[in-house]
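Open the model in your viewer and keep the selection tool at hand. The tour below goes from one selection to the next and says what is found at each stop.

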Amino acid sequence: MTNAHQFGLADIANVFEFAASQLLAIRIALGKSHLVESGKVCAIVTRYLVWEGEVFITPLVHYCEGRGISPPFSRNLRFFVGMLGMSQLEILNYQEFYDSFMKLPASPTGAWVSGRVVREYPLDWWNGMFDTADHQKFTTTFPNFREIQEMVESHFLQLPEGRMLVTPATLVDIRSMPVAQQLATIHAGMRQEGEHIVTLLENKIVEARLVATTLLRMETALGQDVRAAIAATERLVKYLKRED
């Protein structure tokens, strides 16, 4: 990665990729863990998850907003950012936050997210006794910019080879036959175009939640209007995605 004054779009995408990978690793670990057996532990895990967002996601979201950049979120990361926004609005309590996180698929399909979990993460609280560890000290300690850069660099050094990046948001497996590879590329491109409108709407929902957070803190009626607009847009997204 580059240094701070040369921080660019590629660096932003890399940090978000690292954050998404780490969240996926956490989701997999929690799905297998027997430590979350009480509301107290659930609240501890939620605090850890919010810390993940505060360290690796929220600062870059604000960075992108300040420069008019649409954050390069994966679908799961976009979902998580929405959870952070609803938590700030106090729409989700700690139990609802945890339950929402556990709804994310532990084994997502699709070339862009498949196989992105690595062997080692530097701050892997989920691999320890997080129910009894000093979570307050952990979640009030924040790595600096250079430390995050080093974590991201280490992450990409661990990623498996045998993948080919076709477009910034489309990853396909390398095929042995040229025709099969071409068809995979065409299919990926068509699917990306078909999802473009949905992605724009989902990005706007995330942005609207952040706006609503500020407006509701100011106790304005406009904040309630934004929340109503968010709900309507989410229903439209579900319709376009043909979700139940």
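## Helices that cross

Start with H1 and H5: their axes come within 10 Å and cross at roughly 100°. Angles from 65 to 115 degrees count as roughly perpendicular, and H1 and H5 are therefore roughly perpendicular to each other. The model on screen is a predicted one. To see where the two helices meet, select Leu 23, Ile 26, Arg 27, Leu 30 and Gly 31 in H1, then Tyr 98, Phe 101 and Met 102 in H5.

Keep H1 selected and add helix H7, residues 145-158. The axes of H1 and H7 also come within 10 Å, and they cross at roughly 70°. H1 and H7 are therefore roughly perpendicular to each other as well. On the H1 side of this meeting are Asn 14, Val 15, Glu 17, Phe 18 and Ser 21. On the H7 side are Met 151, Val 152, His 155 and Phe 156.

## The whole protein

Now zoom out. How many helices and strands does the protein have? There are 10 helices and two strands. Following the sequence, the order is α-α-α-α-α-α-α-β-β-α-α-α. Colour by accessibility, and buried residues make up 37% of the 244 residues. Of the contacts with a separation of 6 or more, 75% are between residues 24 or more positions apart.

## Two residues of H1

Go back to H1, which covers residues 9-32, and select Ile 12. Is Ile 12 buried or exposed? Its relative accessibility is 1%, so Ile 12 counts as buried. Leaving out residues up to four places away in sequence, Ile 12 touches Phe 7, Leu 60, Tyr 63, Cys 64 and Pro 72. Draw a distance from the C-alpha atom of Ile 12 to that of Val 61: the two are 9.4 Å apart, with their positions 49 residues apart along the chain.

Ala 10 is found in H1 too. Ala 10 has 54% relative accessibility and therefore counts as exposed. The C-alpha atoms of Ala 10 and Pro 72 are separated by 9.7 Å, although the two residues are 62 residues apart along the chain.

One of the residues touched by Ile 12 is Tyr 63, so select this ring next. The charged end of Arg 67 sits over the ring of Tyr 63, 4.0 Å from its centre.

## Aromatic rings

Show the side chains of Phe, Tyr and Trp. A search of the whole structure finds 12 aromatic pairs. One of them is Phe 16 with Phe 73, an edge-to-face pair with 5.0 Å centre to centre and 65° between the planes. The pair links distant parts of the chain: Phe 16 is in helix H1, while Phe 73 is in the loop between helix H3 (58-66) and helix H4 (75-88), 57 residues apart. Phe 16 and Phe 73 are both buried.

Next select Phe 80 and Phe 97, which form an edge-to-face pair with 6.1 Å centre to centre and 80° between the planes. Phe 80 lies in helix H4 and Phe 97 in helix H5 (residues 94-102), so this pair ties together parts that are 17 residues apart in sequence. Both Phe 80 and Phe 97 are buried.

For a wider group of rings, select Phe 18, Tyr 48, Trp 51, Phe 56, Tyr 121, Trp 125, Trp 126, Phe 130 and Phe 138, which form one aromatic cluster.

## Helix H2

Select residues 39-56, which are helix H2. At 1.5 Å a residue, the 18 residues of H2 should span 26 Å, and its end C-alpha atoms are 26 Å apart, which agrees. H2 is mostly covered, with 13 of its 18 residues buried.

Within H2, pick out Thr 46. Thr 46 counts as buried because its relative accessibility is 7%. Apart from residues up to four places away in sequence, Thr 46 touches Tyr 94, Phe 97 and Tyr 98.

## Last stop: a loop

Finish at Glu 90, in the loop between H4 and H5. Glu 90 is not a glycine, yet it has a positive phi of about 60°. With 70% relative accessibility, Glu 90 counts as exposed.

Conventions
Residues are numbered from 1 along each chain as its sequence is written. Side-chain values use heavy atoms; hydrogens and water are left out. Helices (H or I, at least four residues) and strands (E, at least two) are DSSP runs, numbered from the N terminus. The expected span of a helix is 1.5 Å times one less than its number of residues. Buried means under 20% relative accessible area, exposed over 50%, partly exposed in between (1.4 Å probe, protein chains only). Contact means heavy atoms within 4.5 Å. Rings of Phe, Tyr and Trp (its six-membered ring) pair if their centres lie within 6.5 Å; planes under 30 degrees apart count as stacked, over 60 as edge-to-face and the rest as tilted. A charge sits over a ring if NZ of Lys or CZ of Arg is within 6 Å of the ring centre and within 35 degrees of the ring normal. Axes are lines fitted to C-alpha atoms, for helices over the stretch in contact, and angles run from 0 to 180 degrees between N-to-C directions. Angles under 35 degrees count as roughly parallel, over 145 as roughly antiparallel, 65 to 115 as roughly perpendicular and the rest as oblique.
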